[in-house]
Amino acid sequence: MNTIQCRALFCLQSLVSLLDVEHLGGAAALQTLAQHLSQLLFSQPDFAKHADFLEAISSALRALLQTMASKNISQCMTPDQLMTLCKAGIHSSNVGVRVNVVSILGITGSVLAKEDGTLETLKNIGCFLLEVTTKDPSLVVAGEALDALFDVFADGKEAERASIQIKLLSALKEFQPVFKMKIRKEGRGNYSTDQLCVLDNVKMNLRRFIAYQETVEKRLTS
């Protein structure tokens with residue numbers, strides 16, 4: 001039954017990623033689906049121990065939240081629920097799970113950055129993603145966490161205030177040479193050509209994002 005459930009969740013991920021919202025039943029159907037997935041997840045208090053289930057449900061949630069965000073459909077999972085999932089998932093030995101939870105936070109954070117009264121949540125998300133960026137042993141996960149940071153703090157007044165308060169700029173400036181060195185030392189032999197291509201792109205975007213954050217900090221602190 002567990003195997004069938006996991007396969008169904010991976011099928012759901014593919015459907016949500018490929019089909020139009022109308023073919024999926026519209027916005028209301030996606031919100032109902034998000035509620036169902038969160039109930040399925042949190043009805044199992046020890047969900048973090050089941051690696052296959054965690055990978056399948058985090059993959060489905062990632063695809064669903066991405067589709068909802070792209071169509072401006074309000075999300076039904078609370079930031080607290082998402083943080084619970086992410087804190088459990090980030091300790092998984094499965095790289096796919098860690099990539100998924102980091103991506104989920106990036107999607108949610110980029111939506112919250114455009115809303116009022118989200119400062120504290122954005123600070124929590126930023127601190128979590130920074131910790132993953134600097135401490136995860138996998139460059140793929142670190143790269144995904146950086147991408148998520150770029151998405152969350154790319155725009156919005158609350159995001160700008162949060163970035164100053166968590167000292168995002170100084171943390172990224174300190175990490176930039178470490179990231180470059182890790183790609184150079186660990187890249188070849190450990191990662192595929194496609195993964196190295198993505199990491200090179202993240203490295204370039206990090207440079208641009210630091211320049212953007214410098215203008216934000218100058219504007220808000222001068």
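Colleague: Why are α1 and α3 called roughly parallel to each other?

Modeller: In this predicted model, where local features need pLDDT of at least 70, side-chain atom pairs count only at pLDDT 80 or more, and totals for chains, interfaces and linings use all residues, the axes of helix α1 (residues 2-18) and helix α3 (residues 51-70) cross at roughly 20 degrees. Angles under 35 degrees count as roughly parallel, and α1 and α3 therefore earn that description. Residues are numbered from 1 along each chain as its sequence is written, and side-chain values use heavy atoms, with hydrogens and water left out.

Colleague: Which residues of α1 and α3 make the contact?

Modeller: With contact meaning heavy atoms within 4.5 Å, the residues include Cys6, Leu9 and Val16 of α1 and Phe53, Ala60 and Leu64 of α3.

Colleague: What makes Cys6 count as buried?

Modeller: Buried means under 20% relative accessible area, exposed over 50%, and partly exposed in between (1.4 Å probe, protein chains only); Cys6 has a relative accessibility of 10%, so Cys6 counts as buried. Cys86, at 0%, is buried by that rule, whereas Arg161, at 40%, is partly exposed.

Colleague: Why is the sulfur of Cys86 too far from the closest cysteine sulfur for a bond?

Modeller: A disulfide is a pair of cysteine sulfur atoms within 2.5 Å, and because the closest cysteine sulfur to that of Cys86, in Cys127, is 14 Å away, the sulfur of Cys86 is too far for a bond. The count of disulfides comes to zero, and for Cys6 the nearest cysteine sulfur, that of Cys11, is 11 Å away.

How values were computed:
Axes are lines fitted to C-alpha atoms, for helices over the stretch in contact, and angles run from 0 to 180 degrees between N-to-C directions. Helices (H or I, at least four residues) and strands (E, at least two) are DSSP runs, numbered from the N terminus. Angles under 35 degrees count as roughly parallel, over 145 as roughly antiparallel, 65 to 115 as roughly perpendicular and the rest as oblique.
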